[in-house]
Amino acid sequence: MQKPDILILIPARMAATRLPGKPLADIAGKPMIEHVIRRAEAAQLGEVIVATDSEPIQAAVEKAGARALMTSADHASGSDRIFEALQIADPDGKIRVVVNVQGDLPMLAPDDLRSAVAL
């Protein structure tokens, strides 16, 4: 059961140093980011949004039927990208819990997300 005061944000960028383009890496015919989105959605905690600075990632997210927010390319970390996306998604500050799900966890167990939020 989703709660309106919980938001799952997934930072994703194309410029990964070890594997450039990693969010769009093909896994069983779908980009990695789509697998991560589906795992986050399966946790049924709250809205899932991908925060990205990449139009190809945004397009892949939207093609998968999910929501993407464009953020600055100048962020030093995923946490900075998450903060900017939170300001866009929740300008009134109603979100109580933000879950930062890394965009390279296609096998993340939805139960693990629920357990983390339960803490």
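Okay, let's start with R81: at 3% relative accessibility, that arginine counts as buried. This is a predicted model, by the way, so keep that in mind as we go round it.

So who does R81 talk to? Its side chain meets that of D53 in a salt bridge, 3.7 Å from N to O. D53 sits in the loop between β4 and α2, while R81 belongs to helix α3, residues 78-89, so this pair ties together parts that are 28 residues apart in sequence. And D53, unlike its buried partner, is partly exposed, at 23% relative accessibility.

Okay, stay with β4 for a second, because E47 lies in that strand and its partner R67 in β5, residues 67-70, so here again a pair ties together separate parts, this time 20 residues apart in sequence. The contact itself is a salt bridge with the closest N and O atoms 2.9 Å apart. Both ends are partly exposed: E47 comes in at 37% relative accessibility, and R67 has a relative accessible area of 34%.

Now a local one, in helix α1, residues 32-42. R38 and E41 are three residues apart there, which puts about one helical turn between them. They form a salt bridge, and the closest N and O atoms are 2.8 Å apart. R38 is partly exposed, with a relative accessible area of 31%, and for E41 the value is 31% too, so partly exposed as well. There's also E34 to bring in: salt bridges with shared partners join E34, R38 and E41 into one network. If you search the whole structure, you find seven salt bridges, and I've just picked out a few.

Right, over to the strands. Is β1 enclosed or open to the outside? Well, seven of its seven residues, 6-12, are buried, so the strand is largely enclosed by the rest of the structure. You know the general pattern: in a regular strand, side chains alternate between the two faces of the sheet. Here I6, I8, I10 and A12 point one way, and L7, L9 and P11 point the other way, with all of them buried.

And what runs alongside? On the β4 side, six bridges join β1 to residues 47-52, and the two strands run parallel. A12 stands opposite T52 there. Then there's β6, residues 97-100, which is also parallel to β1 and joined to it by four bridges. In that pairing, the bridge partner of I6 is V97.

That's my tour, so let's pull up the model and take questions.

Note on methods. Residues are numbered from 1 along each chain as its sequence is written. This is a predicted model: local features need pLDDT of at least 70, side-chain atom pairs count only at pLDDT 80 or more; totals for chains, interfaces and linings use all residues. Side-chain values use heavy atoms; hydrogens and water are left out. Buried means under 20% relative accessible area, exposed over 50%, partly exposed in between (1.4 Å probe, protein chains only). Two strands pair if DSSP finds at least two bridges between them. A salt bridge is a side-chain nitrogen of Lys or Arg within 4 Å of a carboxyl oxygen of Asp or Glu.
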